[in-house]
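Biologist: Please take a close look at one part of this fold, a sheet, and then set it in the context of the whole chain.

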Amino acid sequence: MGKIKAVFNWSGGKDSAHALLKAMQSGKYEIVALLTTVNSQSHRSTMHDIPLHLLEQQAQSIGIPLYVVNLKPKGNSDDYSAAMSQAARHFKDLGVTHFIFGDIFLHDVRAYREQHLLPLGIKVVEPLWDKSSADVINDFLESGLKATIVTTMADGLGRDAIGRQLTRTFIDSLPANCDPNGENGEYHTICHDGPIFAQPVKFSLGKPFAESHDIKLDDGSIKTFTYWFANIK
């Protein structure tokens, strides 16, 4: 029986790299592309703020082609859904039957993905699913993957965590109310070395900067979140 043809949804961060490693180790999948969403104006990934040229370097080192989905600056969920549906149809025509993600236990996110992909004949795969944050981060630290903190919430870890390596020392230093895997948005990373990479991805960090985003909550209200970014180069 042949391998399942799949697309991996790539953010460039630790959970993506961790889930990709798990998917590759399973031996079940022929991963034909790394799909990444990029702000069409800034040419950077939508949450981690990783520039496109580094996403391309990651893909080249991994050995899987990068497929870029350009999103409108300050676009809404409808724009995202339309762009992702178009990408799913493209890959469905190429024989892809599964999309792989790096979610852990965000059930509303998984339900959203399945709601939009299952009608197109695309199944959702979650290699890290339903494990605790502590188990996931411990497994990551033992995997050999290496990551650097590039985004934090301003009212949480703040600017001081920018540029720190994701190590046991860092995890042990987190305040008690901080999810160790950053599942509440406390921090995001760029993954740049480890067993999925043929060679390390070289990058540098400029002066951190703060940026605010208005997020629509489940109850319809709008809340402003401020993040620190690393100005990755």
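Modeller: What follows starts with the sheet and ends with the chain around it. The model is predicted.

Take the open sheet built from four strands. Its strand order is 7-6-9-8. The pairing is antiparallel. Strand 7, residues 187–193, forms one edge, and strand 8, residues 209–216, forms the other. Each of these edge strands pairs on one side only. Neighbouring strands in the sheet are turned by 30° against each other on average, with direction ignored.

Now go to the pair formed by strand 6 and strand 9. Strand 6 covers residues 146–153, and strand 9 covers residues 222–229. Three bridges join them in the antiparallel sense. For a landmark, find T151: F229 of strand 9 stands opposite.

Step back to the chain. It holds six helices and nine strands. The C-alpha trace spans about 50 × 40 × 35 Å along its principal axes. Is the radius of gyration that of a compact globule, or what else does it show? A compact globule of 233 residues would have a radius of gyration near 17 Å, and the chain has 17 Å, so the two agree.

Contacts and surface complete the view. Among contacts with a separation of 6 or more, 70% come from residues 24 or more positions apart. Of the 233 residues, 47% are buried. The accessible surface of the chain is about 11,600 Å². Carbon and sulfur atoms account for 49% of that surface.

Terms used. Residues numbered from 1 in each chain as written. Predicted model: local features only at pLDDT ≥ 70, side-chain atom pairs only at ≥ 80, totals over all residues. Heavy atoms only, no water. Pairing = 2+ DSSP bridges. Helix = DSSP H or I, 4+ residues; strand = E, 2+ residues; numbered from the N terminus. Axes fitted to C-alpha atoms, helices over the stretch in contact; angles between N-to-C directions. Rg over C-alpha atoms; globule rule 2.2 N^0.38 Å. Buried < 20%, exposed > 50% of the residue type's maximum accessible area, 1.4 Å probe, protein only. Contact = heavy atoms within 4.5 Å. Areas by Shrake-Rupley, 256 points an atom, 1.4 Å probe, with all protein chains shown as cover.
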